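Let us take a walk through this model together, from its salt bridges to its cores and its pocket. Please keep the structure open beside you as you read.

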Amino acid sequence: MNRTAGDPEAAACERRGRPRSAAADTAIIEAVLRMIEDGASIAELSMERIAREAGVGKATVYRRWPGKSALMLDVMRSLEARCPKLDGDSVRDDLVALLEFLRLGGLAKRNSAVLRTVVSHVKAQPALWAEYHDTVIRDRHEALLAVLRRGRESGEIRTDHDIEAIADLFVGPMLARAILHEWKELPEGLAEDIVDMVLDGVRPTARAEVAG
């Protein structure tokens, strides 16, 4: 049974891409991670060297990925945590869960030299970075929009403003601190503080109800 059937928020969080169940896929990705952890740069990793380290033939690697950059994209995906399972009972709690996911992701990128190395390589390839956004990032965004739509239906979030702009109000402060201002702390409780502050501003008001 598909556990995401009938649950658009859970479905939106499911990662798209190649399945990770095949032993060869796992061996290849783990080989890349192992070599980077041992100090190898992305430039030093050839497809031949990766195949040798993974204990597979070069053709096995090329059947899965046309080149090293495409492989690095899947390596980065393998390091990404899965979106949290949302309870669907409380709009506030689900928003906090999504922002806490971003906070923890920001901490992981700061603390993982391997993840920073792979992310830097993928970001330098515009087509790959666009594909990452069109899969992983877009799915997370759709999960957030699904929660906000629920909030509109329940009367917790005003309907007279663009929902995309409201989404930016929630994630913008966390992303700015996690990515643009890496010297700033990402303390526990930050997700709750952001959600509560933004919710105060986007709750329906008498004026908004009249305008709607």
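## Salt bridges, cores and a pocket

Arg138 counts as partly exposed, at 42% relative accessibility. Before going further, please note that this is a predicted model. The partner of Arg138 is Asp134: their side chains meet in a salt bridge, with 3.2 Å from N to O. Asp134 is partly exposed as well, its relative accessibility being 36%. Because the two residues are four apart in helix H8, about one helical turn separates Arg138 from Asp134. Salt bridges with shared partners also join Asp74, Arg77 and Glu131 into one network.

Across the whole structure, a search finds 14 salt bridges. Three of them are set out here, with their N to O distances.

| Pair | Closest N to O distance |
|---|---|
| Arg64 and Asp25 | 2.3 Å |
| Arg138 and Asp134 | 3.2 Å |
| Lys109 and Glu80 | 3.6 Å |

Have a look at the pair of Arg64 and Asp25, whose closest N and O atoms are 2.3 Å apart. This pair links distant parts of the chain, since Arg64 belongs to helix H4 (residues 58-64) and Asp25 to helix H2, 39 residues apart. Are the two partners buried or exposed? Arg64 is partly exposed, with a relative accessible area of 23%, whereas Asp25 counts as buried at 6% relative accessibility.

Lys109 and Glu80 make another such link, their closest N and O atoms being 3.6 Å apart. Lys109 sits in helix H6 and Glu80 in the loop between H5 and H6, so their salt bridge ties together parts that are 29 residues apart in sequence. Here Lys109 is partly exposed, with a relative accessible area of 29%, while Glu80 is buried, with a relative accessible area of 10%.

Now for the nonpolar interior. The largest nonpolar core has 30 residues, and the members that touch the most others are Val32, Leu45, Ile50, Trp65, Leu71, Met72 and Met76. Two or more residues each come from helix H2 (23-37), helix H3 (47-54), helix H5 (68-79), helix H7 (113-123) and helix H8 (126-153). Which of these elements gives the most to this core? That is H2, with seven residues. Another core, of 26 residues, lies apart from the largest one, and Leu86, Leu144, Val171 and Ala178 are among its members.

The largest pocket comes next, with a volume of about 980 Å³. It is lined by 34 residues, of which Lys109, Ile137, Arg140, Leu175 and Ile179 are the closest to its centre. Lys109 is thus a familiar name, having appeared above in the salt bridge with Glu80. The elements that give two or more residues to the lining are H5, helix H6 (91-111), H7, H8 and helix H9 (163-180). Of these, H6 gives the most, with 10 residues. By class, the lining holds 20 nonpolar, six polar and eight charged residues.

Finally, a record adds an annotation. In an unreviewed entry, UniProt places the feature "DNA-binding region" at residues 46-65. In the model, this span is 75% helix and 0% strand, and its end C-alpha atoms lie 13 Å apart. Two names from earlier, Ile50 and Trp65, are among the residues that touch the most other members of the largest nonpolar core.

Notes: Residues are numbered from 1 along each chain as its sequence is written. This is a predicted model: local features need pLDDT of at least 70, side-chain atom pairs count only at pLDDT 80 or more; totals for chains, interfaces and linings use all residues. Side-chain values use heavy atoms; hydrogens and water are left out. A nonpolar core is a set of buried Ala, Val, Leu, Ile, Met, Phe, Trp, Tyr and Cys residues joined through side-chain atoms within 4.5 Å. Buried means under 20% relative accessible area, exposed over 50%, partly exposed in between (1.4 Å probe, protein chains only). On a 1 Å grid over the protein atoms alone, a cavity is a set of points where a 1.4 Å probe fits but cannot get out, and a pocket is an open set with protein on both sides within 12 Å along at least five of seven lines; lining residues have an atom within 4 Å of a point. Grid points are joined across faces, edges and corners, and a volume is the space filled by probe spheres set on the points. Ala, Val, Leu, Ile, Met, Phe, Trp, Tyr, Cys and Pro count as nonpolar, Asp, Glu, Lys and Arg as charged, and the others, Gly among them, as polar. UniProt positions are given in the numbering used here, feature names are shortened, and annotations may be inferred rather than shown by experiment. A salt bridge is a side-chain nitrogen of Lys or Arg within 4 Å of a carboxyl oxygen of Asp or Glu.
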